[in-house]
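Trainee: I've got the viewer open and some terms I'd like to pin down. Can we go through them one by one?

Mentor: Sure, load it up and fire away.

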Amino acid sequence: MRDVSTEEAVAPTRDEIAAAAGLIAGHVRRTPVIDVALPGGRPGTLKLELLQHTGSFKPRGAFTSVLSTPERPSTLVAASGGNHGLAVAHVGRRLGIPTRIFVPETAPRAKVARLRALGAEVTQAGQVYAEALVASAVAAGEPGALVLHAYDAPATVTGQGTLGLELERQCAPTTVLVAVGGGGLIAGIGSWFAGTGTRVVGVEPEGCDALAAALEAGGPVVTQPTGVAVDSLGASTIGSICFAVARSTGLTAVRVPDDAIREARSWLWRELRLAAEPGGATALAALLSGAWQPADGERVAVVVCGANADPADLPLD
């Protein structure tokens with residue numbers, strides 16, 4: 001077994017992220033950015049990563065993890081709240097590798113159905129991501145299995161960093177707002193922008209605040225994830241790589257209430273007809289609610305990172 005989740009917590013370099021971008025270029029979309037006028041007339045730029053394959057940024061890290069292995073794995077194994085599993089299942093189908101995905105019993109039915117439609121063997125176990133991860137241990141130990149951690153593995157973080165590379169070339173922001181679950185996306189983006197003068201800010205639901213809690217405590221702590229975005233941002237503990245990046249680059253985090261996330265989803269649907277999931281709208285909620293207030297001249301880019309919403313709860317106003 002080769003487990004890419006147990007390597008040392010080291011942030012990727014810009015050269016490594018650029019190399020990953022070349023490695024996965026034929027497998028992921030270069031998602032667009034769009035300039036918008038926010039309430040009060042303030043400008044902003046949205047990075048529409050919800051238009052990525054499988055509806056989230058996750059294929060970037062999944063393809064990087066598989067394509068950078070020295071030997072072709074016989075099976076891909078992943079535990080996921082849903083989006084990471086969809087990405088791994090997509091990678092497996094594209095590359096012809098069987099996949100086994102473990103998700104919580106609370107995972108949205110729409111995500112579970114899509115996992116099965118992609119050909120993955122799906123096992124539901126526990127109420128949160130951490131319990132699904134424990135349930136995946138037996139499959140992870142089988143010969144030839146490649147374990148793809150959802151957020152705390154070097155190749156995963158390096159792949160997610162390619163979003164930062166794209167964003168810099170598309171709009172040169174001075175501040176990037178990124179939703180945080182386990183921290184793989186913000187760790188990758190933070191690594192790309194390290195030393196450039198661009199500030200990277202994590203945005204977390206009040207009930208899923210593993211990064212903010214770690215920053216306040218001086219190290220990763222166990223939290224009890226709850227709330228509207230728990231299916232995609234419900235990591236109990238921030239990843240070790242993310243915390244290392246936060247400590248070395250000065251990442252900060254702000255919290256937003258569930259009502260602000262709901263309003264951000266409504267705004268995206270009402271203004272742009274974009275059907276974002278709660279986690280995908282969380283970063284925008286910081287701007288709309290005032291949890292993040294840009295300074296004059298600040299060029300803010302918001303990563304809209306997920307589209308795997310349950311159609312039954314989409315805001316239709």
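Trainee: Which residues does T282 touch, leaving out those up to four places away in sequence?

Mentor: Keep in mind that this is a predicted model. T282 touches A179, V203, E204, P205, A229, L233, V256 and I261. A contact here means heavy atoms within 4.5 Å. T282 itself lies in helix α13, residues 278–289.

Trainee: What makes T282 buried?

Mentor: The cut-off for buried is under 20% relative accessible area. T282 has 0%, so it is buried.

Trainee: And W292, where is that, and why is it called buried at 13%?

Mentor: W292 is in the loop between α13 and β11. Its relative accessible area of 13% is under the 20% limit, so W292 still counts as buried. As for company, W292 touches T175, L177, R199, V201, V254, A286, L287 and E298, leaving aside residues up to four places away in sequence.

Trainee: How far apart are W292 and V203, in sequence and in space?

Mentor: They are 89 residues apart in sequence, and C-alpha to C-alpha the distance is 9.0 Å. V203 also turns up among the residues that T282 touches.

Trainee: On to β11. How do you know that this strand is mostly covered?

Mentor: Count the residues: β11 covers 300–304, and 5 of its 5 residues are buried. V300, V302 and V304 point one way, A301 and V303 point the other way, and all are buried.

Trainee: Which strands pair with β11, and in what sense?

Mentor: Strand β3, residues 43–48, pairs with β11 in the parallel sense over 4 bridges. Strand β8, residues 175–179, is joined to β11 by 3 bridges, and those two run parallel as well.

Trainee: Why does that count as pairing for β3 and β8?

Mentor: Pairing needs at least two bridges between the strands. With 4 bridges for β3 and 3 for β8, both meet that requirement, so both are paired with β11. For specific partners, V302 is matched with L46, A301 with T45, and V300 stands opposite T175.

Trainee: What sits on the other end of L46's story, in β2?

Mentor: I34 stands opposite L46. Strand β2, residues 33–37, is joined to β3 by 5 bridges, and the two run antiparallel. They form a hairpin with 5 residues between them, and G40 in the turn has a positive phi of about 90°. As for cover, 5 of the 6 residues of β3 are buried.

Trainee: Which non-glycine residues have a positive phi, and where are they?

Mentor: A172 is one of them, with a phi of about 45°, and its place is in the loop between α7 and β8. R273 is another, with a phi of about 55°, in the loop between α12 and α13.

Trainee: Why are A172 and R273 called partly exposed?

Mentor: Partly exposed sits between the buried limit of 20% and the exposed limit of 50%. A172 has 38% relative accessible area, so it falls in that range. R273 has 48%, so it too counts as partly exposed.

Trainee: How do you know that helix α2 is mostly covered?

Mentor: In α2, residues 58–67, 9 of the 10 residues are buried. Among them are K58 and R60, as well as F63 and V66. The buried residues of α2 pack against α1, β3, β4, α3, β7 and α7.

Trainee: Zooming out, what makes the protein chain as compact as a globular protein of its length?

Mentor: The chain has 13 helices and 11 strands. Its radius of gyration is 18 Å, close to the 20 Å that the globule rule gives for 317 residues, so the chain is as compact as a globular protein of that length. The C-alpha trace spans about 55 × 45 × 40 Å along its principal axes.

Trainee: How many of the residues are buried, and what share of contacts spans 24 or more positions?

Mentor: Buried residues make up 58% of the 317. Among contacts with a separation of 6 or more, 72% are between residues 24 or more positions apart.

Key:
Residues numbered from 1 in each chain as written. Predicted model: local features only at pLDDT ≥ 70, side-chain atom pairs only at ≥ 80, totals over all residues. Heavy atoms only, no water. Rg over C-alpha atoms; globule rule 2.2 N^0.38 Å. Buried < 20%, exposed > 50% of the residue type's maximum accessible area, 1.4 Å probe, protein only.
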